Amino acid sequence: HSSPLDIAILTALFQGRFVAQIEIVNWPVIGFATATARAVFVDRGNPRSGALAIAGIREALGKDRDTVALFPESVASQGDKVLEFHKGGFLAAKGQDVDVVPIGIAYTPGTEWDEESFAEHLIRVAVRPSLTVAVRVGAAYKMQDAPSEEAKKARQKVQLLTLQAREALNEAQKTR
């Protein structure tokens, strides 16, 4: 997860709900859109919030049969390095008849979210003459192991897909 643009890309590809930090509610436009899309919010300052988010994901996957997209590393990172995944999303999916779909995304260098506000990031990216993105979607699979092991396996798959997306992006830029 390297940019808020990831949300728009995944929404275009899969629809469904997102797991998002509660602070997003206060962001211009995005906050309203996220709340309207029935996101499952996590308040990192509230110790009970993780359990409530897991319950919300389980309800979305089970009763509502929605797609739920999340960034298991919980924070944006620089470059193509995929950070360690938290197990909460995998804990929520355990025992559900759902597919896990790993996805890797790579952008034109310099478009990652850095130490800046959302508005600053949006303006910095919007003024670029162009932005290229590559997305690699891995094979869907069913969880079989403990959530902590599933988080490790998923991270490895996402890391590989992210590197493949970067290779595709580099190849596309060579042909320009």
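These exercises walk through the sheet, a helix and some single residues of one predicted model.

The model is predicted: local features need pLDDT of at least 70, side-chain atom pairs count only at pLDDT 80 or more, and totals for chains, interfaces and linings use all residues. Residues are numbered from 1 along each chain as its sequence is written, and side-chain values use heavy atoms, with hydrogens and water left out.

**Exercise 1. The sheet**

Work out in which order the strands form the sheet.

Solution.
- Start with the terms. Helices (H or I, at least four residues) and strands (E, at least two) are DSSP runs, numbered from the N terminus. Two strands pair if DSSP finds at least two bridges between them.
- Take β1 (residues 17-21) and β2. Three bridges link them in the parallel sense.
- Find the partners. Val 19 has Val 40 of β2 as its bridge partner. Gln 21 has Val 42 of β2.
- Turn to β3. It runs parallel to β1, joined by two bridges. Here Phe 18 stands opposite Ala 69.
- Put the order together. The open sheet reads β2-β1-β3, with parallel pairing. Its edge strands are β2 (40-42) and β3 (68-69), and each pairs on one side only.

**Exercise 2. Strand β1 and its crossover**

Decide how enclosed β1 is, then give the hand of the unit it makes with α2 and β2.

Solution.
- Set the cut-offs. Buried means under 20% relative accessible area, exposed over 50%, partly exposed in between (1.4 Å probe, protein chains only).
- Apply them. Four of the five residues of β1 are buried, so the strand is largely enclosed by the rest of the structure.
- Follow the chain. β1, helix α2 (residues 30-36) and β2 make a β-α-β unit, and it is right-handed. That hand means that, with the strands pointing away from the viewer, the path from the first strand over the helix to the second runs clockwise.
- Look inside α2. Thr 34 lies in this helix. Its relative accessibility is 13%, so Thr 34 counts as buried.
- List its contacts (heavy atoms within 4.5 Å). Beyond neighbours within four places in sequence, Thr 34 touches Ala 20, Ile 24, Ala 39 and Phe 41.

**Exercise 3. Helix α3**

Check the span of α3, then find which residues are buried.

Solution.
- Compute the span. The expected value is 1.5 Å times one less than the number of residues. For the 13 residues of α3 that gives 18 Å; the end C-alpha atoms are 18 Å apart, which agrees.
- Sort the residues. Ser 49, Ala 53, Gly 56, Ile 57, Ala 60 and Leu 61 are buried.
- View the helix down its axis. The buried residues fall within an arc of 130° (taken from the directions from the axis to the C-beta atoms), so they line one face.
- Check the other side. There Ala 51 and Leu 52 are exposed.
- Name the packing partners. The buried residues of α3 pack against β1, β2, β3 and α4 (88-93).

**Exercise 4. Positive phi**

Which loops hold Gln 15 and Arg 38?

Solution.
- Recall the background. Most residues other than glycine have a negative phi.
- Take Gln 15. Its phi is positive, about 55°. It sits in the loop between α1 (5-14) and β1. At 47% relative accessibility, Gln 15 is partly exposed.
- Take Arg 38. Its phi is also positive, near 60°. The loop between α2 and β2 holds Arg 38. With 44% relative accessible area, Arg 38 is partly exposed.
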